[in-house]
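Here are some friendly notes to read alongside the structure. Take the points one at a time and find each residue as you go.

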Amino acid sequence: MEHDIHAPDAQGFIPGVYNYCDRRCERCRFVRQCRVGAVDVDDVGEAEDAVVSGRPEDLRERLMKLMNRPPSEAEDEDEDDEVDTEEEDDGDAGGGLDFDFDPADMEPTAEELREEEKARQALKAHPLSNMGMAYMDLVDEWLDPREEMLTAKGILVHRQQELSMAAAMRTPEILVLSEALDEIGWFKTMLHVKCQRAIRGKLEDTGWMKAMDMDPLQSDWNGTAKLCLEIVQRSVAAWETVAELMPEEAEHLVAINELLRRVDEELRKEFPDAQRFIRAGWDAPDQPSAR
Ligand code: SF4
């Protein structure tokens, strides 16, 4: 039977559902089927708890999450460590495999270093790299001088301001604008980071998936490019909301919108098959297509 990538595992988690998501766990429909999200919702105030408890395993789990790594990887590594230890013990007893490991074997060759440098330069020169940086700058240039005015009107520029906002100020319009700005702020850096990941993955792709008889459409860089397209689409929608509710700002948003249009165009040119990538969970036939 063909493997169903959307099917939950024995613990009810969809493997890899966290790989191409927006990381907004608090509003995610997969939060209970995701190893990363399940940890997040179960551990409100976890950082403080970890510090209070002082348990090394709490601190370690927190660190793994900050590194964007699911807890299963930490567990797997623990298991690997145990296996390694067992193997070492066996080796000492003379009954295991005899690894003749020379760290020099792990050193990249001169040719590999040249290739790495070539890829690094190509990444730096890629139009999407410049556009990602320029987008971050444009958002800051628009937001920074307006932050005080927006906050005075009760519009949240940062999510952590939510608790300090007087209930009387929470009109539907203010809430919608706050939500749009939250979306813009959340994706501002992520767009650049994910574009970099997609380009680098493509540049460094050795074609191993094809060689292993796997579908190259399902490469990590193609999935990351699909997420980039979603980020652009949602950022555009958020800026449209800002322009609609703050029409006096419309002319200041022209450059931002034009840049996002060009990012979208470049992404589609560089990753023409991105939309054909199937994300575990998100692209299951019975899931709604958008959040
Ligand atoms: S898939 Fe997991 S990591 Fe991603 S937003 Fe949902 S709960 Fe969070």
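1. Let's begin with a term that we will use throughout. A residue is called buried if 20 or more other C-beta atoms lie within 10 Å of its own, exposed if 12 or fewer do, and partly exposed in between. Keep in mind, too, that this is a predicted model.

2. Now try the term on Arg23. This residue sits in the segment before helix 1 (35–42). Is Arg23 buried, exposed or partly exposed? Arg23 has 13 C-beta neighbours inside 10 Å, so it counts as partly exposed. Its backbone deserves a look as well: phi is positive, about 65 degrees, although Arg23 is not a glycine.

3. Asp213 makes a good companion to that point. Here too phi is positive, near 65 degrees, in a residue other than glycine. You will find Asp213 in the loop between helix 9 (208–211) and helix 10. Asp213 is exposed because 6 other C-beta atoms lie within 10 Å.

4. Step back to the whole chain. Which elements does the chain have? There are eleven helices and zero strands, so a reading from the N terminus gives α-α-α-α-α-α-α-α-α-α-α. The chain has 291 residues, and buried ones make up 21% of them. Look also at how contacts bridge the sequence: among those between residues at least 6 apart, 62% join residues at least 24 apart.

5. Next comes the largest nonpolar core, which has 42 residues. Which of its members touch the most others? They are Cys228 and Leu267. Two or more residues of this core come from each of helix 6 (127–143), helix 8 (172–204), helix 10 (220–245) and helix 11 (254–270). The core also draws on two domains, with at least three residues from each of domain 1 (1–107) and domain 2 (110–276). As general background, nonpolar side chains tend to be buried together in soluble globular proteins.

6. Stay with Cys228 for a moment. Setting aside residues up to four places away in sequence, Cys228 touches Leu191, Lys194, Cys195, Ala198 and Leu267. Leu267 is thus a name you have met already: Leu267 and Cys228 are the core members that touch the most others.

7. Tyr135 is a useful residue to find in helix 6. Why does Tyr135 count as buried? Tyr135 has 23 C-beta neighbours inside 10 Å, and the cut-off for a buried residue is 20 or more. Not counting residues up to four places away in sequence, Tyr135 touches Leu191, His192, Leu259 and Val263. Take His192 from that list: Tyr135 and His192 are 57 residues apart in sequence, while their C-alpha atoms are 8.2 Å apart in space.

8. Turn now to helix 5 (residues 110–125) and helix 8. These two helices pack at an angle of about 140 degrees, and their axes are 10 Å apart. Helix 5 passes helix 8 in a right-handed crossing. On the helix 5 side, Ala119, Ala122 and Leu123 take part, and they meet Gln196, Ile199, Arg200, Leu203 and Glu204 in helix 8. How many residues of this contact are nonpolar, polar and charged? The division is five nonpolar, one polar and two charged.

9. Ala122 lets you look at that contact through one residue of helix 5. Ala122 counts as partly exposed because it has 15 C-beta neighbours inside 10 Å. Ala122 and Leu203 are 81 residues apart along the chain, and 8.0 Å separates their C-alpha atoms.

10. Helix 8 also holds Leu175. With 15 other C-beta atoms within 10 Å, Leu175 is partly exposed. Along the chain Leu175 and Gly154 are 21 residues apart, and their C-alpha atoms are separated by 8.9 Å.

11. To finish, visit Pro8 in the segment before helix 1. Pro8 has 15 C-beta neighbours inside 10 Å, and therefore counts as partly exposed. What does Pro8 touch, leaving aside neighbours within four places in sequence? Pro8 is in contact with Phe13, Ile14 and Gln33. Cys34 is 26 residues from Pro8 along the chain, and the C-alpha atoms of Pro8 and Cys34 are separated by 9.3 Å.

Technical notes:
Residues numbered from 1 in each chain as written. Predicted model: local features only at pLDDT ≥ 70, side-chain atom pairs only at ≥ 80, totals over all residues. Core = buried A, V, L, I, M, F, W, Y, C linked by C-beta atoms within 7 Å. Helix = DSSP H or I, 4+ residues; strand = E, 2+ residues; numbered from the N terminus. Domains from an automatic or database assignment. Contact = placed C-beta atoms within 7 Å. Axes fitted to C-alpha atoms, helices over the stretch in contact; angles between N-to-C directions. Left-handed = near helix turned anticlockwise from the far one by under 90°. Nonpolar A, V, L, I, M, F, W, Y, C, P; charged D, E, K, R; others polar.
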